[in-house]
Amino acid sequence: MTSSLGHYTVAYLIYKSKKTLSLPGLIIGSVISDLDILFNYLTRGYLGRELLHSFVGAGILGTLLSTLLTVFFYPLVVSTFFGINKEENRQVCKLSKTVLFSSFIGGFSHVLIDSTCHNYNPLFYPFTKQSIDILLLPYDWRFSYSIIEMLLFAMLLTILIIDLSRKGVKGLWKRMLVGGY
């Protein structure tokens with residue numbers, strides 16, 4: 001149940017460790033699994049976390065959805081709300097193996113992080129709906145959630161402080177949302 005900012009933090013750290021990946025693909029991929037609320041609503045509770053919080057679901061459906069959102073909507077949203085040049089952003093977000101792979105990695109990171117702090121982890125759906133809780137360290141999801149959320153928030157603050165001290169405010173949104181600059 002890590003927040004979107006927590007998932008963003010991990011996506012950004014993955015990007016910083018491998019700058020040949022697509023930061024927009026990683027970002028969208030890392031939050032797309034939380035669309036499971038929509039599936040839960042549409043199926044009247046029959047399907048929820050299973051589809052996008054499993055390795056198969058995040059790997060196939062999550063990758064497909066996040067790639068489409070990255071290519072078709074991300075440039076428009078980021079340029080509208082953060083003033084980043086739409087054409088530059090479109091170039092970074094154009095359909096490619098890099099965007100596809102980055103979306104895949106982002107989705108997997110979401111599933112792995114959430115499996116450390118959720119009370120239901122259907123990691124092997126559609127093979128089983130059983131919760132796999134091996135990554136829930138103290139076997140108390142509320143405690144794990146608090147620890148993970150605080151850790152990711154502290155990491156995000158550290159990232160921002162380091163970036164701002166080195167490069168200043170100018171271009172911050174572009175560096176944090178598009179990368180490569």
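Q: What is the relative accessible area of Glu 87?
A: This is a predicted model, where local features need pLDDT of at least 70 and side-chain atom pairs count only at pLDDT 80 or more, while totals for chains, interfaces and linings use all residues. Residues are numbered from 1 along each chain as its sequence is written, and side-chain values use heavy atoms, leaving out hydrogens and water. Glu 87 counts as partly exposed (buried is under 20% relative accessible area, exposed over 50%, partly exposed in between, with a 1.4 Å probe and protein chains only), because its relative accessible area is 46%.

Q: Which residue meets Glu 87 in a salt bridge?
A: Let's look along helix α7, residues 86-93 (helices are DSSP runs of H or I, at least four residues, numbered from the N terminus). Three residues from Glu 87, about one turn of the helix, lies its partner. The salt bridge (a side-chain nitrogen of Lys or Arg within 4 Å of a carboxyl oxygen of Asp or Glu) spans 2.8 Å, N to O, and joins Glu 87 to Arg 90.

Q: How many residues apart are Glu 88 and Lys 174?
A: The side chains of Glu 88 and Lys 174 form a salt bridge of 2.7 Å, N to O. This pair links distant parts of the chain, helix α7 and helix α10 (residues 172-177), with a separation of 86 residues.

Q: Are Asp 163 and Arg 175 buried or exposed?
A: Asp 163 pairs with Arg 175 in a salt bridge, their closest N and O atoms being 2.6 Å apart. The two sit in helix α9 and helix α10, 12 residues apart. Both residues are buried.
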